[in-house]
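Colleague: Could you take me through this one, a question at a time? Please give me the cut-offs as we go.

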Amino acid sequence: MKRITLLIFLLTISKGFSQEKINYFNGDFDAALEASKLTKKDIFFITKGNPCPVYDVFQLNLNNDSETINFLNDNFIVFEFDLNKSSDVTVKRFKKYYDSWRGSPQLYFIDQDENLITDITYTLEYSHAENLEIWKDYLSVEENWETIKKEKRNNLTLESLKQFLLYRNIKYSPYDLMQIKNVIDKYFKSLPKENYSDSENWDIIQKYVTIWSNKDLFSFVADNKSEFQKKNDPVQVSKYLSLNYNKYLSSKSKSDIEKLATKHPYTTIEEAKSAIQEIQNSATPQLWLEN
């Protein structure tokens, strides 16, 4: 009886809160489940783990967007589990709601009987508004994901590729980078090469293709820079190439850079040549990494 009275008190306080901030549930998780049953709301369960820059951005976006605040307060019991401030008993209790590989935040949509509806991550590859749209469709995420995976195998179009990339970002996998590369490769291989530089395809390349993740496709952009610049912002194309070359060279030793400087693309592509010159001019002998 006392527990129910306390629960009603907590809910009454919560209802009195302004919609200017997230109404985090103040009781324990068992009380949150009871509150979920009383209010007929599902639980928006946030796992906070070790310090993570993604979590900081997530919190900033979460608490400074009125649409998000209203959506969460109106539809969920919002419960946050802080791994670092919890007892060993609590950590063990919530073991299924934390995967160390994923960082934080980890987001779980749970029904009133503690059945998992879906679990996702918060991705900085997409805007907060795009993350929020996924949350609004949380009841269909698992079904959508199964459909998207089938379309990726059987009917890969630009639209299905975009959907796959979005869901692959929010549905955690330790093999996500490999899977993203394979699907992008499949998509581009289905196109005539003259279409690679089309604006919608350039958007995919900018976002997901680097000199590390897909060297062949990156090299195609470099070798056909003029075609990409005709159809897109020429400054952005050049910045994209420069950024990749500079990051790539920053991890190389002095001897490696000397060898690379005599080979394509560092003898022909302007951004690659500039990257070589910049690192050679700025590095002092004691800063060079030696093999």
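Colleague: Where is the place of K40?
Modeller: Helices (DSSP runs of H or I, at least four residues) and strands (DSSP runs of E, at least two) are numbered from the N terminus. K40 follows helix α2. Its place is in the loop between α2 and β1.

Colleague: Before we go on, which pLDDT do local features need here?
Modeller: Residues are numbered from 1 along each chain as its sequence is written, and side-chain values use heavy atoms, with hydrogens and water left out. This is a predicted model, in which side-chain atom pairs count only at pLDDT 80 or more, totals for chains, interfaces and linings use all residues, and local features need a pLDDT of at least 70.

Colleague: Back to K40: what is its phi?
Modeller: Most residues other than glycine have a negative phi. K40 is not a glycine, yet its phi is positive. It counts as exposed at 64% relative accessibility, where buried means under 20% relative accessible area, exposed over 50% and partly exposed in between (1.4 Å probe, protein chains only). The phi of K40 is near 60 degrees.

Colleague: Which residue caps the N-terminal end of α2?
Modeller: Helix α2 covers residues 29–39, and its buried residues are F29, A31, A32, L33, A35 and S36. At its N-terminal end, the backbone nitrogen of D30 lies 3.3 Å from a side-chain oxygen of the capping residue (a polar contact is a pair of N or O atoms within 3.5 Å; within protein, one must be able to donate a hydrogen and the other to accept it, and residues adjacent in sequence count only if both atoms are side-chain atoms). That oxygen belongs to D28.

Colleague: What order do the strands of the sheet have?
Modeller: The protein has 15 helices and 4 strands. Strands pair if DSSP finds at least two bridges between them, and β1 (residues 42–48) pairs with β2 in the parallel sense over 7 bridges, with I43 opposite I77 in β2. The sheet is open, and its pairing is mixed. Its order is β2-β1-β3-β4.

Colleague: Which strands of that sheet does helix α6 touch?
Modeller: Helix α6 (residues 128–136) packs on the sheet, and its direction makes about 170 degrees with that of β4. Axes are lines fitted to C-alpha atoms, for helices over the stretch in contact, and angles run from 0 to 180 degrees between N-to-C directions. With contact taken as heavy atoms within 4.5 Å, α6 touches β1, β3 and β4.

Colleague: How many salt bridges does a search of the whole structure find?
Modeller: A salt bridge is a side-chain nitrogen of Lys or Arg within 4 Å of a carboxyl oxygen of Asp or Glu. One of them joins R102 and D119, with the closest N and O atoms 3.1 Å apart. R102 is in the loop between α5 and β3 and D119 in strand β4, 17 residues apart. The search of the whole structure finds 14.

Colleague: Is E114, the salt-bridge partner of K96, buried or exposed?
Modeller: The side chains of K96 and E114 meet at 3.5 Å, N to O. K96 is exposed, with a relative accessible area of 54%. E114 lies in the loop between β3 and β4, and its phi is positive, near 60 degrees. At a relative accessible area of 18%, E114 is buried.

Colleague: How many residues apart in sequence are the parts that K171 and E142 tie together?
Modeller: Their side chains form a salt bridge at 2.6 Å, N to O. K171 is buried, with a relative accessible area of 8%, while E142 is partly exposed at 31%. K171 lies in the loop between α8 and α9 and E142 in helix α7, so the parts tied together are separated in sequence by 29 residues.

Colleague: Which residue has its backbone oxygen 3.2 Å from the side chain of S160?
Modeller: S160 lies in helix α8 and is buried, with a relative accessible area of 5%. Leaving aside neighbours within four places in sequence, S160 is in contact with E151 and N155. The backbone oxygen lying 3.2 Å from a polar atom of its side chain is that of N155.

Colleague: Last one: which residue does a cis peptide bond join to S104?
Modeller: Most peptide bonds are trans. The bond from H264 to P265 is cis, with omega near 10 degrees. At S104, omega is about 5 degrees, and the residue joined to it is P105.
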